[in-house]
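Work through the exercises below with the sequence and the model open. Each task is followed by a solution in steps.

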Amino acid sequence: MTKSRRRSLLKWLVATVLVPWQAIASNRDALQQVLPLDLASTDQVGDIEIIVPAWAGNGDGIKVEVMSRVPGTEAIALFAKKSAVPLLANFTLSHGAQPYIMTRIRLAQSQSVEVVVKANGQYYKASRYITVLDQKV
């Protein structure tokens, strides 16, 4: 693949995949319109395991691991309501993929990180509170 074709492909990917989600996630009203759920009304389940540190030194690069044991898990999303961009990550799982994700997130202040799992057309959530010691408010 030539250099110009790679660049064109990269520009197309950014324009179609990344940019719309960043624009939606930065606008809380638009985020609520896109998501067909109210985070307060989703089912709390113990079948979602979240592994995060109880506290983080500066909030940069906090490792988050999520394992969903909800049968038929299709997608996993991470939210932090106090962040400038509330949608931290969104993962769509292909059929048969193990419902496990690991990523790093950045938090400017102490807050709950909410995990929303979509399974068989229903939404489930779990959350963990992370205390950021060196807050950048």
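**Exercise 1. Classify Asn120 as buried or exposed, then describe its backbone and its place in the chain.**

Step 1. The model is a predicted one, and in it Asn120 has a relative accessibility of 58%. Exposed requires over 50%, so Asn120 counts as exposed.

Step 2. Asn120 lies in the loop that runs from strand S8 (111–119) to strand S9 (122–132).

Step 3. Its phi is positive, about 55°, although Asn120 is not a glycine. Most residues other than glycine have a negative phi.

Step 4. S8 and S9 form a hairpin with two residues between them, and Asn120 is in that turn.

**Exercise 2. State how S8 is paired, and whether it is largely enclosed or left open.**

Step 1. Take the hairpin partner: S8 and S9 run antiparallel and are joined by nine bridges. One example is Glu114, whose bridge partner in S9 is Ser127.

Step 2. Take the other pairing: strand S5 (residues 73–79) runs antiparallel to S8, with six bridges between them. Here Leu78 stands opposite Val115 of S8.

Step 3. Count the buried residues: they are seven of the nine in S8, so the strand is largely enclosed by the rest of the structure.

**Exercise 3. Give the strand order of the open sheet that contains S4, and explain why S2 and S7 have a side without a neighbour.**

Step 1. The sheet has three strands in the order S2-S4-S7, paired antiparallel.

Step 2. Strand S2 (48–51) and strand S7 (100–105) are the edges; each has a single partner strand, so one side of each has no neighbour in the sheet.

Step 3. On average, neighbouring strands in this sheet are turned by 15° against each other, direction ignored.

Step 4. For the pairing of strand S4 (residues 62–68) with S7, there are six bridges in the antiparallel sense. Lys63 is found opposite Arg104 in S7.

**Exercise 4. Find which residues of the largest nonpolar core touch the most other members, and which elements contribute to the core.**

Step 1. The largest nonpolar core has 24 residues, and those touching the most other members are Ile48, Val66, Leu78, Leu107 and Val115.

Step 2. Two or more residues of this core come from each of S2, S4, S5, S7, S8 and S9.

Step 3. Follow one member outward. Leaving out residues up to four places away in sequence, Val115 touches Ile48, Ile50, Val66, Ile76, Ala77, Leu78, Tyr124, Lys125 and Ala126.

Step 4. Compare with the general tendency: in soluble globular proteins, nonpolar side chains tend to be buried together.

**Exercise 5. State how many salt bridges the structure holds, and describe the pairs made by Arg106, Lys63 and Lys118.**

Step 1. There are five salt bridges in the structure. Side chains of opposite charge can pair when their charged atoms come close.

Step 2. Arg106 and Asp60 form a salt bridge of 3.0 Å, N to O. This pair links distant parts of the chain, with Arg106 in the loop between S7 and S8 and Asp60 in the loop between strand S3 (55–56) and S4, 46 residues apart. Arg106 counts as exposed at 60% relative accessibility, whereas Asp60 is partly exposed at 32%.

Step 3. Glu65 and Lys63 form a salt bridge of 3.8 Å, N to O. Glu65 is buried, with a relative accessible area of 17%, while Lys63 is partly exposed at 34%.

Step 4. Lys118 and Glu74 form a salt bridge in which the closest N and O atoms are 3.8 Å apart. This pair too links distant parts of the chain: Lys118 belongs to strand S8 and Glu74 to strand S5, 44 residues apart. Lys118 is partly exposed at 28%, and Glu74 is partly exposed at 29%.

**Exercise 6. Summarise the whole protein: what elements does it have, in which pattern, and what part of it is buried?**

Step 1. The protein has two helices and nine strands. Along the sequence, their pattern is α-α-β-β-β-β-β-β-β-β-β.

Step 2. Of the 137 residues, 35% are buried.

Step 3. Among contacts with a separation of 6 or more, 63% are between residues 24 or more positions apart.

Step 4. About 8,500 Å² of the protein is exposed, and carbon and sulfur atoms supply 54% of this area.

Note on methods:
Residues numbered from 1 in each chain as written. Predicted model: local features only at pLDDT ≥ 70, side-chain atom pairs only at ≥ 80, totals over all residues. Heavy atoms only, no water. Helix = DSSP H or I, 4+ residues; strand = E, 2+ residues; numbered from the N terminus. Buried < 20%, exposed > 50% of the residue type's maximum accessible area, 1.4 Å probe, protein only. Pairing = 2+ DSSP bridges. Axes fitted to C-alpha atoms, helices over the stretch in contact; angles between N-to-C directions. Core = buried A, V, L, I, M, F, W, Y, C linked by side-chain atoms within 4.5 Å. Contact = heavy atoms within 4.5 Å. Salt bridge = Lys/Arg side-chain N within 4 Å of Asp/Glu carboxyl O. Areas by Shrake-Rupley, 256 points an atom, 1.4 Å probe, with all protein chains shown as cover.
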